[in-house]
Amino acid sequence: MSTIQTVTETLIRLAKQAIHPDTVLVFPDDLFEVQRTPSVILQGPKLAEDRFRRSQSRLFEKNVAELSFEECRFPRLYHLDFDLVVTVDREAELLGFHESVSRFLQLHPEIAIADQGNLNLTELVPLGGLARVNLSNLRQSSGRIRIESCPVYDGDLRDGRLIRDRTFQFHGDVTEQRTIQP
């Protein structure tokens with residue numbers, strides 16, 4: 001499965017638990033009509049490569065217990081940006097969502113991804129700080145969050161043995177030293 005897909009699905013599950021159970025994912029260019037309120041929309045991801053951390057080196061991981069290794073190119077790291085849009089009927093509900101989103105970001109500074117470790121979750125624009133066109137009579141507020149440095153591997157994995165065989169040849173003399181005990 002794709003790393004970006006795994007990370008996005010993990011974020012959606014977390015947002016459904018912590019912010020609102022009807023949180024939906026909408027792709028960046030899609031127009032989405034809110035079916036019912038309150039509504040939480042994660043619009044994205046928009047990918048931006050972390051160019052400062054790009055590396056041409058290779059990753060080499062040894063498994064000493066199995067006497068094997070795995071080698072691949074260093075992954076490309078991408079930031080995944082999501083617009084977080086909250087739509088409600090009344091201002092009081094909107095204030096409650098401001099608190100829910102703030103609490104969500106405080107409790108989850110990192111997102112645990114099963115096989116990738118932890119990725120940082122940061123708030124780029126706080127809820128209410130992003131100007132959006134609102135063509136309805138509903139109350140909307142939006143912000144932007146980012147999952148930092150999501151690794152994307154090229155799939156070219158080389159594995160092998162650390163030691164080809166366990167036989168060896170010994171040339172030379174064996175000298176033993178004996179100690180005499182009194």
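# Exercises on a predicted model

At 14% relative accessibility, S149 counts as buried. The model is predicted, and the exercises below work through its backbone, salt bridges, pockets and surface.

## Exercise 1. Backbone geometry

Task: state where S149 lies and what its phi is, then locate the cis peptide bonds that precede P38 and P45.

Solution.

Step 1. S149 is part of strand 8. Its burial follows from the cut-off, because buried means under 20% relative accessible area and S149 has 14%.

Step 2. The phi of S149 is positive, about 55 degrees, although S149 is not a glycine. Most residues other than glycine have a negative phi, and most peptide bonds are trans.

Step 3. T37 and P38 are joined by a cis peptide bond with omega of about -5 degrees. P38 sits in the loop between strand 1 (24-26) and strand 2.

Step 4. Another cis peptide bond joins G44 and P45, with omega of about 5 degrees. P45 is within strand 2.

## Exercise 2. Salt bridges of strand 8

Task: for R146, R144 and R139, give the salt-bridge partner of each, the element that holds the partner, and the exposure of both residues.

Solution.

Step 1. The structure holds eight salt bridges. Side chains of opposite charge can pair when their charged atoms come close.

Step 2. R146 pairs with D81, and their closest N and O atoms are 2.7 Å apart. This pair links distant parts of the chain, with R146 in strand 8 (residues 139-152) and D81 in strand 5, 65 residues apart. R146 is buried at 18% relative accessibility, and D81 is buried at 10%.

Step 3. R144 forms a salt bridge with D83, at 2.6 Å from N to O. Because R144 lies in strand 8 and D83 in strand 5, the pair ties together parts that are 61 residues apart in sequence. R144 is partly exposed, with 24% relative accessibility, whereas D83 is buried, with a relative accessible area of 5%.

Step 4. R139 meets E91 in a salt bridge of 2.7 Å, N to O. R139 belongs to strand 8 and E91 to helix 2 (residues 91-107), so this pair ties together parts 48 residues apart in sequence. R139 is partly exposed at 33%, and E91 is partly exposed at 46%.

Step 5. Through salt bridges that share partners, K46, D83 and R144 are joined into one network.

## Exercise 3. Two pockets

Task: describe the largest pocket and the second largest pocket by volume, lining and residue class.

Solution.

Step 1. The volume of the largest pocket is about 420 Å³. Its lining consists of 18 residues, and those nearest its centre are F32, E33, R132, V133 and Q140.

Step 2. Strand 2 (39-49) and strand 5 (76-88) each contribute at least two residues to the lining of the largest pocket. The classes in that lining are 10 nonpolar, five polar and three charged residues.

Step 3. For the second largest pocket, the volume is about 160 Å³. Its lining is made of R54, S55, Q56, S57, R73, F74, P75, R76, V152, Y153 and D154.

Step 4. Sorted by class, the lining of the second largest pocket has four nonpolar, three polar and four charged residues.

## Exercise 4. A surface patch

Task: which residues make the nonpolar surface patch, and where in the chain is L162?

Solution.

Step 1. The patch is formed by F60, L162 and I163 and covers about 260 Å².

Step 2. L162 is found in the segment after strand 9 (158-161).

Step 3. L162 has a relative accessible area of 33% and is therefore partly exposed. A patch residue needs over 30% relative accessible area, so the value of 33% for L162 passes this cut-off.

## Exercise 5. Q43

Task: is Q43 buried or exposed, and what distance separates its C-alpha atom from that of S102?

Solution.

Step 1. Q43 is in strand 2.

Step 2. With a relative accessible area of 10%, Q43 is buried.

Step 3. The C-alpha atoms of Q43 and S102 are 18 Å apart, and the two residues are separated by 59 residues along the chain.

Terms used: Residues are numbered from 1 along each chain as its sequence is written. This is a predicted model: local features need pLDDT of at least 70, side-chain atom pairs count only at pLDDT 80 or more; totals for chains, interfaces and linings use all residues. Side-chain values use heavy atoms; hydrogens and water are left out. Patches are made of residues with over 30% relative accessible area and no salt bridge: like charges are joined within 9 Å, nonpolar side chains (Val, Leu, Ile, Met, Phe, Trp, Tyr) within 5 Å. Accessible areas come from the Shrake-Rupley method with a 1.4 Å probe; for residues, only the protein chains shown count as cover. A salt bridge is a side-chain nitrogen of Lys or Arg within 4 Å of a carboxyl oxygen of Asp or Glu. Helices (H or I, at least four residues) and strands (E, at least two) are DSSP runs, numbered from the N terminus. Buried means under 20% relative accessible area, exposed over 50%, partly exposed in between (1.4 Å probe, protein chains only). On a 1 Å grid over the protein atoms alone, a cavity is a set of points where a 1.4 Å probe fits but cannot get out, and a pocket is an open set with protein on both sides within 12 Å along at least five of seven lines; lining residues have an atom within 4 Å of a point. Grid points are joined across faces, edges and corners, and a volume is the space filled by probe spheres set on the points. Ala, Val, Leu, Ile, Met, Phe, Trp, Tyr, Cys and Pro count as nonpolar, Asp, Glu, Lys and Arg as charged, and the others, Gly among them, as polar.
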